[in-house]
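The following note sets out points on helix packing, aromatic pairs and backbone geometry for a colleague's consideration. Please read it alongside the structure.

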Amino acid sequence: MLLLCVIYLAFISLGLPDAVLGASWPVMGEVLNASPEFAGVVALIISAGTVMSSLLATRMIHYMGIGKLVALSVLLTAIALIGFSLAEHSWVLALLAIPLGVGGGAVDAALNNFVAVHFKAKHMNYLHSFWGVGAMTGPLIMAHYLTFQNGWRDGYEIIAITQFSLVIVLFSALPLWKKMLFKTASEADVSPPFVGNMAVLKKNGVWLQLMMFFCYCAIESGTGLWAASFLTTQRSITAGDAAFWVAMYYMGITLGRFLCGAITEKMPEETLVRLGVIGILLGCIMLVLTLSAMWAKFGLILIGLGCAPIYPNTIHMTPKRFGSAASQAIISLSMAVAYMGIMAVPPLLGVVANLVGFVSFPIILLLLGAIILFTTERLRAYRIVPVVLNKGL
């Protein structure tokens, strides 16, 4: 249970910097004489680093072990964040975005698979809930410090210090990882063989999962990025009100995952995923219909609640569907493809909205939701493979 608490802390730290760049950029960009769109360049480099480390995570875990990889990865993010607080030129941010993305991707891929293999479904849902806690806390910290002169530097410094503190905890917890892995190996009698990325791509059903994650993360990030613009242009909502409902969208994801964690032992994971997809589709339909603004607001919350069970429960079912030996490579590829969706689709949504208007926004989300429905339903057909779990947790 102590190791599980450490893992939860690591996922809070993973979420902490995720939304901070956008919150700090109006002031930060002005101080560094950077154009507004340069924030997109920095975000793109972070995502590219995340994709790269996700693809390499399987091999890195094989050679150095998961405990060391997670600790060193969080150390990378801490160094990058302290660099953000000291940066005097915008090009420095682009360089620092590389270790920030590499560190985050390795933590994401490694911990998702570890929890999927060793813990019950409720802990996977709680894990991603704690990411939401970090993603909400980061902007709140920054919002507090932005009221002071040079506040964005202090905000990044506090977040970096938090990360450095966690690094100490993670290195201290290395024996806990070894104890858990030794216990699992003893119960299984044999160590699982190394399975690389190319090998798992030949498995039936893997491409369905990759397609699902691409579309899912495209919806999650695209909604977060463009929902406020849709509400202001198509439903005549003020910018402040729109920002509040976008926050409620993220609140729906976070609270939805805590709820899924509480009920997952009473309801099959596949059922939770199906209900989540239905929630996304209904929410998109509420955005498409030209009804009152309140319908659009509640549709946004419904999309958030629908998103809640899909990511964590699909990850948790990966070892059961494809075997624990292949799960790390499949989850690493899933993370990489997910970030490709984040990199590709939200900007594309912006381009399409610029050409035909934001009326296209919920229609594209609805199409992506239909692909998620198709892939998740097809994935239900794959054989369940027994997985060694820590039954006490």
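1. In this predicted model, helix 1 (residues 2-15) and helix 7 (residues 151-172) pack at an angle of about 155°, and their axes lie 11 Å apart. Angles over 145 degrees count as roughly antiparallel, and helix 1 and helix 7 are therefore roughly antiparallel to each other. The crossing of helix 1 past helix 7 is left-handed.

2. The contact between these two helices brings V6, L9, A10 and S13 of helix 1 against Q163, L166, V169 and L170 of helix 7. By class, the residues of the contact of helix 1 with helix 7 comprise six nonpolar, two polar and no charged.

3. A second packed pair consists of helix 3 (residues 38-64) and helix 4 (residues 66-86), with an angle of about 155° and axes 10 Å apart. Helix 3 and helix 4 are therefore roughly antiparallel to each other. Here helix 3 passes helix 4 in a right-handed crossing.

4. Which residues make the contact of helix 3 with helix 4? On helix 3 they are V42, A57, M60, I61 and M64, and on helix 4 they are I66, K68, L69, L72 and F84. Nine residues of the contact of helix 3 with helix 4 are nonpolar, none is polar and one is charged.

5. Turning to the aromatic residues, a search of the whole structure yields 15 aromatic pairs. One of them joins F114 and F119, a tilted pair with 6.3 Å from centre to centre and 55° between the planes. F114 and F119 are both buried.

6. Another pair is formed by F130 and F258. Their ring centres are 5.7 Å apart and their planes stand at 80°, so the pair is edge-to-face. This pair links distant parts of the chain, since F130 belongs to helix 6 (residues 121-145) and F258 to helix 11 (residues 239-263), with the two positions 128 residues apart in sequence numbering.

7. Is F258 buried or exposed? F258 has a relative accessibility of 29% and so counts as partly exposed. F258 and F130 also belong to one aromatic cluster together with Y8 and Y126.

8. Two residues merit attention for their backbone geometry. N33 has a phi near 55°, a positive value in a residue other than glycine. N33 is located in the loop between helix 2 (20-31) and helix 3. With a relative accessibility of 71%, N33 counts as exposed.

9. S236 is not a glycine either, yet its phi is positive, at about 55°. The loop between helix 10 (206-234) and helix 11 holds S236. S236 has a relative accessibility of 68% and therefore counts as exposed.

10. A further point concerns W295, which lies in helix 13 (residues 293-322). The relative accessible area of W295 is 43%, so W295 is partly exposed. How far is W295 from S172 in sequence and in space? W295 and S172 are separated by 123 residues in sequence and by 50 Å in space, taken C-alpha to C-alpha.

How values were computed:
Residues numbered from 1 in each chain as written. Predicted model: local features only at pLDDT ≥ 70, side-chain atom pairs only at ≥ 80, totals over all residues. Heavy atoms only, no water. Axes fitted to C-alpha atoms, helices over the stretch in contact; angles between N-to-C directions. Helix = DSSP H or I, 4+ residues; strand = E, 2+ residues; numbered from the N terminus. Parallel < 35°, antiparallel > 145°, perpendicular 65-115°, else oblique. Left-handed = near helix turned anticlockwise from the far one by under 90°. Contact = heavy atoms within 4.5 Å. Nonpolar A, V, L, I, M, F, W, Y, C, P; charged D, E, K, R; others polar. Phe/Tyr/Trp six-rings, centres within 6.5 Å; stacked < 30°, edge-to-face > 60°. Buried < 20%, exposed > 50% of the residue type's maximum accessible area, 1.4 Å probe, protein only.
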